[in-house]
Amino acid sequence: MRELAGSSIHALDDTTLSGAVDEWLSDETTTETKYGHISTWDTSSATSFQELFCFATSFNSDISQWDISSATSLYGMFYSASTFDQDLCWDVSVVTTTHM
């Protein structure tokens with residue numbers, strides 16, 4: 001993870017995104033202090049979003065501004081995330097693996 005120059009937005013990649021999401025799911029307040037609000041995370045470098053919110057039954061945060069244009073896998077990203085009900089309009093043109 002790196003902090004973008006002059007910004008409180010944190011860039012997350014394949015090695016850091018899953019851990020940050022796990023932290024968010026267990027303690028939003030502490031995680032927001034560390035990474036900023038989940039809606040502002042820079043995910044443009046991540047390629048795998050596989051199972052990020054799998055079984056996150058109470059997750060319903062706005063992640064509509066995430067840049068997932070580099071994503072190749074969305075496999076199981078929202079599997080059993082039963083309360084997630086946000087509109088998403090993402091560029092998924094390079095995604096090769098899906099099964100939500």
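This is a short tour of the model, stop by stop, with what to select and what is there.

**Before you start**

The model is predicted, so local features are described only at pLDDT of at least 70 and side-chain atom pairs only at pLDDT 80 or more, while totals for chains, interfaces and linings use all residues. Residues are numbered from 1 along each chain as its sequence is written, and side-chain values use heavy atoms, with hydrogens and water left out.

**Stop 1: helix α1**

Select residues 17-26, which form helix α1. Helices here are DSSP runs of H or I with at least four residues, strands are runs of E with at least two, and both are numbered from the N terminus. Now colour L17, A20, V21 and W24, which are buried in α1. Buried means under 20% relative accessible area, exposed means over 50%, and partly exposed is in between, with a 1.4 Å probe and protein chains only.

Turn the view to look down the axis of α1. Why do the buried residues line one face of the helix? Seen this way, they fall within an arc of 100 degrees, so they line one face; the arc is that of the directions from the helix axis to the C-beta atoms. As background, an α-helix has 3.6 residues a turn, so residues three or four places apart point the same way. Among the elements that cover the buried residues of α1 is α2.

**Stop 2: α1 against α2**

Add residues 28-35, helix α2. The axes of the two helices, α1 and α2, come within 6 Å and cross at roughly 140 degrees. These axes are lines fitted to C-alpha atoms, for helices over the stretch in contact, and angles run from 0 to 180 degrees between N-to-C directions. The pair α1 and α2 is therefore oblique. On this scale, angles under 35 degrees are roughly parallel, over 145 roughly antiparallel, 65 to 115 roughly perpendicular, and the rest oblique.

Show side chains for the contact (heavy atoms within 4.5 Å). From α1 you will want A20, E23, W24 and S26, and they meet E28, T31, E32, K34 and Y35 of α2. The residues of this contact divide into 3 nonpolar, 2 polar and 4 charged. Here Ala, Val, Leu, Ile, Met, Phe, Trp, Tyr, Cys and Pro count as nonpolar, Asp, Glu, Lys and Arg as charged, and the others, Gly among them, as polar.

**Stop 3: the salt bridge**

Stay here and zoom in on E23 and K34. Their side chains meet in a salt bridge, at 3.3 Å from N to O. The rule asks for a side-chain nitrogen of Lys or Arg within 4 Å of a carboxyl oxygen of Asp or Glu, and by it the count comes to 1 salt bridge. E23 is in α1 and K34 in α2, 11 residues apart. Are these two buried or exposed? E23 is partly exposed at 27% relative accessibility, and K34 is partly exposed as well, at 44%.

**Stop 4: F59**

Next, select F59, in the segment after α2. With 2% relative accessibility, F59 counts as buried. Which residues touch F59, leaving aside neighbours within four places in sequence? They are W24, L25, I38, F53, T83 and F84. For W24, which you coloured in α1, the C-alpha atom is separated from that of F59 by 9.5 Å, with their positions 35 residues apart along the chain.

**Stop 5: T57 and S80**

Move to T57, also in the segment after α2. T57 is partly exposed, with a relative accessible area of 45%. Its C-alpha atom is 4.6 Å from that of A81, and the two residues are 24 apart in sequence. Not counting residues up to four places away, T57 touches S80, S82 and T83.

Click on S80 from that list. Although S80 is not a glycine, it has a positive phi of about 60 degrees. S80 is partly exposed at 31% relative accessibility.

**Stop 6: F55, E51 and Q65**

F55 has a positive phi too, about 65 degrees, and is not a glycine. F55 counts as exposed at 55% relative accessibility.

Then pick E51, which is partly exposed at 42% relative accessibility. Beyond its neighbours within four places in sequence, E51 is in contact with Y75, G76 and M77.

Finish at Q65, exposed at 63% relative accessibility. Draw a distance from its C-alpha atom to that of W90: the separation is 8.2 Å, for residues 25 apart along the chain.
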